[in-house]
Amino acid sequence: MQKKFIVNPWEVKGDVDYDKLVKEFGVQPLSEELIKKIERKAGEMHLYLRRGLFFSHRDFDVIMEDYEKGKEFVLYTGRGPSGKTHLGHLIPWIFTAYLQEAFGSKLYFQMTDDEKFLMRDVGLDEAVGYSHDNALDVIAAGVDPRKTVIFSDVEYMKTIYRIALQVAKRVTFSTAKAVFGFTNSSNIGIIFFPAVQASPAFMAQMLEKRDVNCLIPCAIDQDPYWRIARDIAPLIGMPKPAGIYSKFLPGLRGVGGKMSASEEQTAVYTTDPPALARKKVMGAFTGGRATVAEQKERGGNPEVCVVHQWLYYMFEDDDKKLRKFWDECKQGKILCGECKKYLADRVCRFLEEHQKRREKAKKEVEKVMIKD
Ligand code: TRP
């Protein structure tokens, strides 16, 4: 039976069928050959590529071909700062930092505090505050502060506005409705907003007059914005932005949808004390049976296990170890407590390192953030 799922910029729900999404969105799967190209340049294969967490793209092949001919590209990504940062948010940023290091690209990082003010129950000052707070996590994710600018839309709007106007003039309400599902009860701020989110894709060219391409690493739910940006790019004499897209890290309480910041227990925040993160991981949804006896007899269900997914996508690089967890789970030789403890150790170690870098970032953040 086909289960229902929803993926759009404001909602990710249900068991996401990524193959179907590739078809519906009209994006390309990342080929072996393309992945190899990145690996050659970076000197190492990133876990997220190897395990297919980044799985699809638009025109990434074109970006690479141009790059090989000597045309550089800038990176653009962003965050809707509606609260604290959790581990799922970090994925595109860690990957962006990897690309930035491999290709030496400048990174434009947008904090859409305007969007979150318009769409969520968040005050304006509060959202801007989260922009500055979340920027610490962006820096801690490993981006190069000398080659990165981070901006809050609210604080940098004077500059963005001139680009957004160029975009907005070429997007009809009927297109915006079709792409984003706006209705008569949508507030008028959010109807203009897609032009704001498209703008940083053109910043290098418009503000610095650089003849470069733009690549956007992000989760697949942001693709609707880039469809619009790509459609209008030729109309304003700009190259079409390319994208490289990730899946979602599932929340701890079940595979399906994405980790949600509004459900505290399903997410591990970057600022969680390790002991709290451990507690959350120990409460994760697994593929275990109702009783120990049953699990030993019939084996578990790693296919639906969040712990396994977290290890697979983020926390266990070693294929052999991962395989062993899977096999032993199926054979009933290992119980969920053991897997959860293993993952919790990994998560805690990650958090400790991240939190150190986050602390250091406090000294740098105001230099990296630009305002006008
Ligand atoms: N709309 C995104 C969010 O809610 C934030 C965002 C802005 C973004 N620009 C982006 C995400 C570019 C990825 C890439 O999280």
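These legends go with a set of close-up views of one predicted model.

A note on the model and numbering. Local features here need pLDDT of at least 70 and side-chain atom pairs count only at pLDDT 80 or more, while totals for chains, interfaces and linings use all residues. Residues are numbered from 1 along each chain as its sequence is written, and side-chain values use heavy atoms, with hydrogens and water left out.

**View 1. The whole protein chain, with its 17 helices and 9 strands.** Helices (H or I, at least four residues) and strands (E, at least two) are DSSP runs, numbered from the N terminus. The C-alpha trace spans about 65 × 50 × 45 Å along its principal axes. For 372 residues, a compact globule would have a radius of gyration near 21 Å, and the protein chain agrees with its 21 Å. That radius is taken over C-alpha atoms, and the globule rule is 2.2 Å times the number of residues to the power 0.38. Buried residues make up 54% of the 372; buried means under 20% relative accessible area, exposed over 50%, and partly exposed in between (1.4 Å probe, protein chains only). Of the contacts (heavy atoms within 4.5 Å) with a separation of 6 or more, 79% come from residues 24 or more positions apart.

**View 2. The surface of the protein chain and its charges.** About 17100 Å² is exposed, and carbon and sulfur atoms supply 51% of that. Accessible areas come from the Shrake-Rupley method with a 1.4 Å probe; for residues, only the protein chains shown count as cover. There are 58 positive and 52 negative charges, and their mean positions are 1 Å apart. Lys and Arg count as positive and Asp and Glu as negative, with His and the chain ends not counted. Each charge is placed at NZ of Lys, CZ of Arg, CG of Asp or CD of Glu.

**View 3. The open sheet of 7 strands.** Follow the strands across and you get β3-β4-β9-β8-β5-β6-β7, with mixed pairing. The edges are β3 (28–29) and β7 (148–152), each of which pairs on one side only. Two strands count as a pair if DSSP finds at least two bridges between them.

**View 4. Strand β8 and its two partners, β5 and β9.** All of β8 (residues 213–219) is covered, with 7 of its 7 residues buried. Its pairing with β5 (residues 73–79) is parallel over 3 bridges, and here leucine 75 has leucine 215 of β8 as its bridge partner. With β9 (residues 242–246), β8 again pairs in the parallel sense, over 5 bridges. Cysteine 218 meets tyrosine 245 of β9 as its bridge partner.

**View 5. Strand β5 alongside β6.** Since 6 of its 7 residues are buried, β5 is largely enclosed by the rest of the structure. β5 and β6 (residues 107–111) pair in the parallel sense over 5 bridges. Leucine 75 turns up here too, with leucine 107 as its bridge partner in β6. Glycine 78 stands opposite glutamine 110 in β6.

**View 6. Helix α12, tucked in.** Helix α12 (residues 223–232) has 8 of its 10 residues buried, so it is largely enclosed by the rest of the structure. Among the buried residues are Tyr225, Trp226, Ile228 and Ile232, and charged ones sit there as well, including Asp223 and Arg230.

**View 7. Two loop residues with positive phi.** Most residues other than glycine have a negative phi. Aspartate 59 is not a glycine, yet its phi is about 60°. Aspartate 59 lies in the loop between β4 (54–58) and α4 (60–68), and its relative accessible area of 24% makes it partly exposed. Lysine 209, also not a glycine, has a phi of about 55°. Lysine 209 is in the loop between α11 (203–208) and β8, and counts as exposed at 68% relative accessibility.

**View 8. Two threonines, 159 and 291.** Threonine 159 belongs to helix α8 (residues 153–168) and counts as buried at 19% relative accessibility. Leaving aside residues up to four places away in sequence, threonine 159 touches Leu207 and Asp372. Threonine 291 lies in the loop between α13 (274–282) and α14 (292–298), partly exposed at 41%. From C-alpha to C-alpha, threonine 291 is 52 Å from isoleucine 191, and the two are 100 residues apart in sequence.
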